[in-house]
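Here are some exercises to work through with the model open beside you. Try each task before you read its solution.

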Amino acid sequence: VLEARHEPGYCAFYEECGRNPTVVGSLLPPIIPCLNYSRARALEGDTTACCSIKQLKSLEMSLMLSKAVLMRCPSCADNFAHLHCINTCSPDQTTTINVTRTMNITTLGIVKEAVVGYQAYLSTSFADKSFESCKNVRIPATGGYAIATMCGRYGSALCTAQRWYDFQGDSSNGLAPLDIDFRLIPEGVTEGIPDGVVPYAGRALGCNEMTPTGAEVCSCQDCQASCPVVPSPPPPAEPFTIGGVDGYLVLCVIFLCVLILAFLLFVLSTYLLRKEEGKDSEKGKGKRKGMDKNGNNVSERLIEPWEVTCTDKNSLATQEFLGSGFRAWGTLVASHPLKVLLASAVVTAAFATGLMHIELTTDPVQLWSAPNSRARMEKDFHDKHFDPFFRTNQMILTAPGRPGHFYDSLLFGKQNFSGIIAKDLILELLKLQRKIQNIEFWSNDLNRMASLKDVCFAPLNPSNPSLTDCAVNSLPQYFQNSVANLNAKVNMTELGVTKEVDWRDHFIYCVNSPLSFKDITDLQLSCMADYGAPVFPFLAVGGYEKEGYTTAEALILTFSLNNYPRDNIKFKVALEWEQRFLDIVQEYQKSPGNPFTFAYMAERSLEDEINRTTAEDIPIFMISYAVIFVYIAVALGEYTSFSRILVDSKFLVGLGGILVVGCSVLASMGFYAWIGIPSSLIILQVVPFLVLAVGADNIFIFVLEYQRDARRPGEKREERIGRVLGNVAPSMLLCSLSESVCFFLGALSTMPAVKSFALYAALAVLMDFVLQMTAFVALLSLDARRQDGNRCELACCVTVKTTAPTKPNEGFLLPAMRKYYAPVLLHPVTRVIVIVVFIFMFISSIYLMFYVTVGLDQELAMPQGSYMLEYFKYLYAYFEVGVPTYFVTTKGFNFTSIAGMNATCSSVGCDPFSLTQKIQSYMAIPANSWVDDFIDWLNPGSKCCRLYSIGPNKGKFCPASECETLSSLFVMHEYNIKKHVSNLMYNVLCAVDKHQLIRLSSSSPSRVTYVFYEQYLTIVSEGLFNISLCLLPTFVVCCLLLGMDLRSGALNLLTIIMITVDTVGVMTLWGIDYNAVALINLVTAVGISVEFVSHMTRSFAMSIQPTHVERAKEATATMGSAVFAGVAMTNLPGIVVLAFAKAQLIQIFFFRLNLVITLLGMAHGLIFLPVLLSYFGESVCVRACKRQYPPPLPTQRQSLRNSWIKW
């Protein structure tokens, strides 16, 4: 077009000719220059230029919006403006540009030839360096790159220097007044360049360089080269190894070998010593004595009464004191059963009335996060000042099996569209979205019709939102939820090719440039949602690779609601809206015309499903308790003859025992309800089971002892009950007191759920013991009176003529264990094998403890078949981002000072080690600070939000509400601040004006899930602390109640520790994670272990058999049979029933874990402990009376104990 020569000192165009008639819809007036080949104009001195003052002002305005995005990096903004200044004003203009298109324009009646297109030649070195300085500049409020808004359809991922300049020269971008064809010429290339044209090769600044005007280098967030050298974090610790082998395994193997070797040496030395003593005994007496029935040598010297130590005397005195006290108490209660039952009922009722005030905690935050924990306090601070995190209601939709298609786009080339990205499915999704948006219902709390706008998150109009102000993110939002926009089509010509463009071209453009107000097609549609914010592609589609959004496999529909404190009336309104949302979605899922396969959730879904499964599994727990009741009722019967079945049965006694357990739980819950300590669902599930295990054991011990005992001549029935109670109650006290103190100490836990469980369990166990010593003794007295009168149990008026046998009934289990089990278990070879096997189990479990998984998959909280399980599956498969993370501060930064601002911002000039800069190194998307947005708002390079330029307020300060900057709007979206931008900025400015010191907290991350994750930082130490506190009283109480018997207490403690450690080892093998629920069960395991162990320990200590082995045998037969029948066989049937529960949490942490606890407790209590006591049990002063008294009959034990005390 231009035939003039290209030579230095000449201009190609000069002065403004008017508006470009070919440009429509531009954001700025498209003023174009006049064609004017002439010499450059002189300005001042020797300075010349090819532009007028008018042109400079137009250029400044044209660059204003682009520079506002790039000003975070001054060198980038300088390079950007540099080239356009050269093209417009360079005195050597003709050497770098070539006018290609002009047209006549009439201005004020004068026809002028105006330039509407030209070629600009520049070197690739300048272009590439300019592009490099700008390509990493961020827009923190959106998390994207500024270059993405300046590269058209290519976005940031596919943007290059050529494409960047092509977009700048495209007059359809809304900013360029004319078309500029940028030609990037490599160094040394002359082909295709007009004569006289020299590609511009000026110096482009690097992003880590200061500008000639003294502007700071770009920040680390926008320029990698500006980042300070930060030492690399230390590498993660190498796995502990010894010689290339797992170090823990090596240590455990060594420890195992040492223990087994030490034990075998002990056995061998003991055997040789006894063999030598046996020879001496044979020489002295001429015959073998001291061999028990199992072939074990009895070579221990029988001590004289004067050799009994003070400890032995204390032990016997303690037992006599407890025995005589309980004997007198039992006789008194058995003599007045009805009065005792009435008093027990009154006391229980008084406690239980507190249930009217019970508060059931279902909020997971209140259950699993300590109120004074760091994450909880930070969450409370965030919720108080910024409102709770908004509520999410979401659908993830797929169309499996639906074929995709290829689309040959005029602008974007050939694109692969998946089956889900189809117009008919998008329209169907829009139809469903509108149906949900139009939900209306009557709200009793608001006393009017309520809808989405009453509770929705509306970031741009929070005070009085309409439905279109509500934040709804979906693919149809790229079309402003308009069917007309989706159906829009237009023919478009690009590079001489004319094709039809439609919704697909708009979709491709918007997912790559979601911040655009107008696409680059002739459709000229906005990409912004109808509520005024962008829809980022990861919130609209899912299941794509890298940035291949057109191949996405899922559509995502998200409704965001405001969250409120639970005592706010709008909280109930939000819950009701979410329920209507679920109803519509579930109905739609069942409709035959539904083309989607989808998963869904509401914010209330997790809590709803947990509560639902709890309610559905209540029958399972009831069946479990019923099975236990039936077992107790049947197992307690004596059944001496068929004709006396109804007389000897213990149905009512078993029912009474169950009622005692139930009353103790109700009393505990009522008491804590009185004093305001809330309960939880886990308490309702675990505490009754625990108390039933403890109570059933005591019931069996008491009843079986009564059945095996013979009434002495002249002894009354009440006296017999008192005497039996005196024999067994100390053992019952030992276990109940150990468990109760254990749980009371467990209440020192900082975890609310564990603390409340421990308190409820401690009082329930204590109340169970008290009621057993009162109500149950009274019930047994009434039942004994009935049985002595030969009256049937369920028909008391019916008597049976068959008399009761005079010989005590030992049942089946006691003779079997005495005759078969105990002799086999305590055989010399068996004893060695048992110790070796259990040592191996213990060491193996110690090793496995190091590899137990810590955590709790949220899927486990859901019942089988829950729609939430399908949602989690879809979430992991298709959703590409996680939960937003906030960093909240409360002190340490003075925002009235430059230093305080610099310490948090990430813009140019900010401290390279500022809070935001540090955070950025860990984030995939740039961290956004309100300080950065505030600084951008104050940016002198922008004419917006500064001073009123016209009107009555001209010259006065203009608030941000008059011109809402894009970055400020997205601070609202990201931070969920329920106030308008103007309010936020006004508060900040007022604080600065009043010189208030706004100090923010040592920064702390805030995220919806952090309050739950925090427990895993301390749960191991928390668990060790709680279990140690529970173990301590088992040792102390055992020692005290056995009269300072330290050895028995130590062996008792060792066995309980082994049960607990073995339980954790089996957890590792069975895939049971360690978490707060598991910790509660491990604390329960200590309590149940006491039942298996402590009764046996005391029975051994009180035995008067001559040798360790014989005493272990007697304890195994007598007490072991009661423990087996009362604890193991009571728990196992009830536990097996739990396997049929729907809740995975119950199946894993109640069925599996309680089954493990019961089996390990039974194995250690009935196998390991007797053998351990036979080797290392305490030698008691019983041997002192062996010379004077023959082995006593069961009925002679009390008188013999009286003889011990006389010593």
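**Exercise 1. Find what share of the contacts with a separation of 6 or more links residues 24 or more positions apart, and describe the chain as a whole.**

Step 1. Residues 24 or more positions apart make up 74% of the chain's contacts with a separation of 6 or more. Keep in mind that this is a predicted model.

Step 2. Next, list the elements: the chain has 34 helices and 26 strands.

Step 3. Now turn to burial and surface. The chain has 1207 residues, and 54% of them count as buried. Its accessible surface is about 52500 Å², with 61% belonging to carbon and sulfur atoms.

**Exercise 2. Work out which helix gives the most residues to the largest nonpolar core, and follow the contacts of Phe 743.**

Step 1. Begin with the core itself, which has 155 residues. The members touching the most other members are Trp 368, Val 687, Phe 702, Phe 743, Phe 757 and Phe 1149.

Step 2. Helix α19, residues 752-788, gives the most to this core: 21 residues.

Step 3. Pick out Phe 743 and skip its neighbours within four places in sequence. Its contacts then include Phe 757, Ala 758, Ala 761, Ala 762 and Val 765. Leu 690, Val 1083, Thr 1084 and Gly 1087 are also in contact with Phe 743.

Step 4. Look for another core too: a second, separate one has 141 residues, among them Ala 114, Phe 182, Ala 471 and Tyr 544.

**Exercise 3. Decide which side chains of strand β16 are buried, and say how β16 pairs with β17.**

Step 1. Walk along β16, residues 440-443, where the side chains alternate. Phe 441 and Ser 443 point to one face and are buried, while Glu 440 and Trp 442 point to the other and are not.

Step 2. Find the partner strand. β17, residues 448-451, pairs with β16 in the antiparallel sense over 4 bridges. Within that pairing, Trp 442 has Met 449 as its bridge partner.

Step 3. Check the turn: the two strands form a hairpin with 4 residues between them, and Asn 447 in the turn has a positive phi of about 60 degrees.

Step 4. Finish with Ser 451, which is in β17. With a relative accessibility of 9%, Ser 451 falls under the 20% cut-off, so this residue counts as buried. Beyond residues up to four places away in sequence, Ser 451 touches Ile 439, Glu 440 and Trp 577.

**Exercise 4. Explain why the buried residues of helix α7 line one face.**

Step 1. Compare length and span. α7 covers residues 337-352, 16 residues in total, and reaches 22 Å from its first C-alpha to its last, close to the 22 Å expected.

Step 2. Its buried residues are Pro 337, Val 340, Ser 344, Thr 348 and Ala 352. Because these fall within an arc of 95 degrees when seen down the axis, they line one face of the helix.

Step 3. Turn the helix around: the face away from the buried side carries the exposed residues Leu 338, Lys 339, Leu 342 and Val 346.

**Exercise 5. Is Arg 391 buried or exposed, and how far is its C-alpha from that of Leu 561?**

Step 1. Locate Arg 391 in strand β13, residues 391-398. Its relative accessible area is 5%, so Arg 391 is buried.

Step 2. Arg 391 and Leu 561 are 170 residues apart in sequence, yet their C-alpha atoms are 4.9 Å apart in space.

Step 3. Among the other residues that Arg 391 touches are Phe 559, Phe 571, Glu 578 and Glu 603.

Terms used. Residues numbered from 1 in each chain as written. Predicted model: local features only at pLDDT ≥ 70, side-chain atom pairs only at ≥ 80, totals over all residues. Heavy atoms only, no water. Buried < 20%, exposed > 50% of the residue type's maximum accessible area, 1.4 Å probe, protein only. Contact = heavy atoms within 4.5 Å. Areas by Shrake-Rupley, 256 points an atom, 1.4 Å probe, with all protein chains shown as cover. Core = buried A, V, L, I, M, F, W, Y, C linked by side-chain atoms within 4.5 Å. Pairing = 2+ DSSP bridges. Expected span 1.5 Å × (residues − 1). Arc of directions from axis to C-beta.
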